[in-house]
Amino acid sequence: MALDAPGRPLREAQIPEPELGPGEVLVAVSACGVCRTDLHIVDGELADPKLPLVPGHQAVGRVVAGGERFSEGDRVGVPWLGWTDGTCRYCRSGRENLCDHARFTGYHRDGGYAELIAADERFCAPIPEGYSDLEAAPLLCAGLIGYRALRLAGDGERLGLYGFGASAHIVAQVARHQGRRVFAFTRAEDDEAQALALELGAEWAGDSLRPGPEELDAAIVFAPVGALVPAALKATAKGATVVCAGIHMSDIPSFAYDLLWEERVLRSVANLTRRDAEEFLALAPQVPVRTQVEPYPLARANDALDRLRAGEIRGAAVLEVG
């Protein structure tokens, strides 16, 4: 499924088999998660994608050719971070997620909405046992970005999650495993998301524009809605951290300094690192994280994106490819 220009639906396409460069593997894709970042690319909210483009950066499949790190038949995941230069000041200081020349899967490189994908094997991740391909796909971005955001939110006990979609439904499980208390903030009328949050261990779920029943020690804003930032700050206690976890967000409205004062911290999370993948994919089976997925055939990728755009996905949408 290919994107010819932002704002257009994806089209079914027959394209040549990817040619492998040095250090790359060819992966036969069986499943690929549908991420809100894919939606931002398709809708033109992220500038300058490769065109035409095969989207998708939560691809799970089997190695069929190439590589030294992996053998033919190994099950791997291909995540968002697809290549870094390894030499810039960010890479050399353990911050490859901020690499000046990073290339991202399904944005600068063709992604997983296809039967085959070529990937730099250094950035592929072994998939833990116990997960089907469909169940594993959301771990590769919803899980990884969620885990990074949770780590950077600090160790606070009372955690607020704003927007309860693919990432939050995974993070809630990890947070409960860590002994935290989870509060879910959604659109006031989103009864289904609130019900899912309560099923997954949240002790409260309600309107994201109003404070919860207790002050929060940390909050993660997954929904790409700038107006939620001052709402989250208003809901936090002194010294709390609010993390903006999306790659794109609508403009944040101005707010009174009082909301930030008393040593509250507002920060963003950008991309992920290979270390994030190693840590989270080792942790997920221990929790154990259970992903809730809505499967779609590859040819129905546009339907999955439409439902995601409308906020109608329960858990994570995943394309069945192979």
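**The nonpolar cores of a predicted chain**

Let me start in the interior: the largest nonpolar core has 94 residues, and the ones that make the most contacts inside it are Y113, L161, F164, I220, F280 and L319. Please keep in mind throughout that this is a predicted model.

Take F280 from that group, which, once residues up to four places away in sequence are set aside, touches L139, G143, L144, Y147, I170 and V174. Apart from the largest core there is a second, separate one of 14 residues, and among its members are Y162, L216, V221 and C244. As background, nonpolar side chains in soluble globular proteins tend to be buried together.

Stepping back to the whole chain, we have 9 helices and 15 strands, and 54% of the 322 residues count as buried. If we consider contacts in the protein chain with a separation of 6 or more, 70% of them are accounted for by residues 24 or more positions apart.

How does the radius of gyration of the protein chain sit against that of a compact globule? For 322 residues a compact globule would come out near 20 Å, and because the protein chain has 19 Å, the two agree. Along the principal axes, the C-alpha atoms fill a box of roughly 55 × 40 × 40 Å.

Finally, the surface and the charges: the protein chain exposes about 14000 Å², with carbon and sulfur atoms supplying 47% of that area. There are 32 positive and 46 negative side chains, and the centres of these two sets lie 5 Å apart.

Technical notes:
Residues are numbered from 1 along each chain as its sequence is written. This is a predicted model: local features need pLDDT of at least 70, side-chain atom pairs count only at pLDDT 80 or more; totals for chains, interfaces and linings use all residues. Side-chain values use heavy atoms; hydrogens and water are left out. Helices (H or I, at least four residues) and strands (E, at least two) are DSSP runs, numbered from the N terminus. The radius of gyration is taken over C-alpha atoms; the globule rule is 2.2 Å times the number of residues to the power 0.38. Buried means under 20% relative accessible area, exposed over 50%, partly exposed in between (1.4 Å probe, protein chains only). Contact means heavy atoms within 4.5 Å. Accessible areas come from the Shrake-Rupley method with a 1.4 Å probe; for residues, only the protein chains shown count as cover. Lys and Arg count as positive and Asp and Glu as negative; His and the chain ends are not counted. The place of a charge is taken as NZ of Lys, CZ of Arg, CG of Asp or CD of Glu. A nonpolar core is a set of buried Ala, Val, Leu, Ile, Met, Phe, Trp, Tyr and Cys residues joined through side-chain atoms within 4.5 Å.
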